Every structure is written in C-alpha cells, then in structure tokens.
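Trainee: Could you take a close look at one part of this protein with me? I'd like to go through a helix slowly.

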Amino acid sequence: MPQEDREEYPNNTYLYGMFARWTLGERPLWLDFGSPSVGHLANKTHNWRPEAVVVPEGCGADSWVYFVITGNTTGTLKDKANGWRSISAAHPIHLHGHDFALLQQSATPYEGRVNLTYRNPPRRDVVLMPKDGFVVIAFKADNPGIWLLHCHIAFHASSGLALQILERQSDIEMPLGWLDEVDRGCASWDEWFQPENLWDQDDTSFKYFQDDSGI
C-alpha cells in the first residue's frame with residue numbers, strides 16, 4: 001500500500017502482514033466503521049476510497065455497467081513486489097442491488113479478449129468465477145445506491161475480496177432522519193475506538209480490533 005494511504009488509514013490491519021488477504025482490485029476492501037460511504041453522499045467532491053467503483057454521474061437508468069472479473073493477476077497488482085502473490089481458486093461472486101447478465105464465463109486466463117453472449121444471456125446474482133479464469137457481467141444502472149460486489153465465501157469477503165459500487169450518487173434518496181442514527185452509531189464507534197481499548201497494548205503487531213474488511 002502506498003505510504004500516503006498508510007498514513008491516511010493507519011488502522012487498516014492488512015498493512016501489517018499478519019493476515020491473509022484477498023482482493024478484487026489492487027487493494028483489499030476495508031471499511032471504516034466511523035465513516036461509512038453513505039455519510040458522504042452529499043459531498044460531490046469526496047475522494048472515494050480506491051476500493052470503490054464510481055459509476056459516472058452521466059450514466060442514466062438505461063446505461064449498462066460492465067465488469068470483467070479475473071482469477072489471474074498477471075500485471076495487475078502494483079504491490080506484488082511487496083509480497084503479493086496469486087493463489088489459484090474459484091470464487092462465487094455475488095452482487096447486491098441488481099441481478100446481472102452473465103455475458104461470458106471462461107476457465108481460461110483473461111488475456112484482454114472476450115466473446116460475449118448478448119442474445120438471451122443468463123441472469124444471475126451469483127456466478128462462479130472459475131479457477132484461473134474470468135467472468136464478464138453487466139447490469140443496468142437503474143437502481144441508485146451503494147452496492148457490494150463480493151465473494152460469497154465468508155472468509156474471502158472478510159479478507160477483502162469485495163468492492164463497493166457507487167451508482168448514480170445524485171439520485172440516491174435517503175429516508176428523512178435516517179442518517180441521524182448512522183451518525184449516532186459512528187460517533188459511538190469513534191468514542192470507543194481508542195488505543196486504551198486494544199486487546200494487548202504491549203503487542204504492536206495487533207494494533208486494532210478490526211482485522212477484517214468490515215463486511
């Protein structure tokens with residue numbers, strides 16, 4: 001992780017090398033319980049975390065969002081020199097907020113070429129990404145919200161194999177007063193989440209309680 005991110009997110013335990021991590025992008029998902037994404041919807045200039053995929057504001061309800069999800073990491077991880085390595089495994093990938101069109105599912109490594117099925121493709125909300133293979137999925141941007149895309153194996157998801165999709169930020173509507181309870185919960189977390197509450201203040205390798213992605 002770049003040094004500037006280490007300073008901005010010091011309580012992200014995957015920095016310390018003590019835990020196995022999985023990732024859907026160049027960094028494992030990690031959620032700050034004191035600052036959830038829903039609390040920043042009114043800020044149009046918010047600098048979203050690198051694990052977030054932001055659907056451009058210009059996308060309307062008839063626009064389609066495509067994802068190519070790969071099981072091979074050749075040339076994609078900037079941090080491989082710092083100890084990252086590829087582990088071959090199949091992953092059941094689940095999307096919240098939508099079902100999706102499964103345009104391709106392949107057991108061969110992704111090399112930049114696709115052969116998509118546009119005519120009557122299967123519709124799913126979970127798809128198995130084959131070991132060392134890839135899948136291509138697409139969904140209409142017709143449900144504004146903050147949605148999770150993640151592996152359905154709980155250990156993999158809690159280890160970071162997930163990302164957030166921010167869909168049409170300006171069109172997300174929150175019930176009146178709903179964020180008041182979110183703010184109260186965040187304030188309680190921040191008040192409690194202090195160094196004196198560490199489980200072992202003498203063991204600096206376990207710096208914080210949140211040693212998972214937060215999902």
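Which residues are exposed on the other side of helix 3?

Mentor: Those are Asp-180 and Glu-191. Keep in mind that we're looking at a predicted model. Let's start with the helix itself. Helix 3 covers residues 178–192. At 1.5 Å a residue, its 15 residues should span 21 Å, and the end C-alpha atoms are 22 Å apart, which agrees. Now for the side opposite your two exposed residues: Val-182, Cys-186 and Trp-189 are buried in helix 3. Look down the axis and the buried residues of helix 3 fall within an arc of 60 degrees, so they line one face of the helix. Here's the general idea behind that: an α-helix has 3.6 residues a turn, so residues three or four places apart point the same way.

While you have the model open, try a strand too. Gln-164 sits in strand 9, residues 162–167. With 16% relative accessibility, Gln-164 counts as buried, because the cut-off for buried is under 20%. Its side chain makes a polar contact with the side chain of Ser-37, at 2.8 Å. Gln-164 also touches residues including Leu-29, Val-53 and Trp-147.

Then there's a sheet to find. It's an open one, with 4 strands in the order 2-7-4-5 and antiparallel pairing. Strand 2 (64–70) and strand 5 (123–124) are the edge strands, each pairing on one side only. Further in, strand 4 (residues 100–106) and strand 7 (residues 134–140) pair over 5 bridges, in the antiparallel sense. To spot that pairing, find Gln-104, which stands opposite Val-136 in strand 7.

Note on methods
Residues are numbered from 1 along each chain as its sequence is written. This is a predicted model: local features need pLDDT of at least 70, side-chain atom pairs count only at pLDDT 80 or more; totals for chains, interfaces and linings use all residues. Side-chain values use heavy atoms; hydrogens and water are left out. Buried means under 20% relative accessible area, exposed over 50%, partly exposed in between (1.4 Å probe, protein chains only). A polar contact is a pair of N or O atoms within 3.5 Å; within protein, one must be able to donate a hydrogen and the other to accept it, and residues adjacent in sequence count only if both atoms are side-chain atoms. Contact means heavy atoms within 4.5 Å. The expected span of a helix is 1.5 Å times one less than its number of residues. The arc is that of the directions from the helix axis to the C-beta atoms. Two strands pair if DSSP finds at least two bridges between them.
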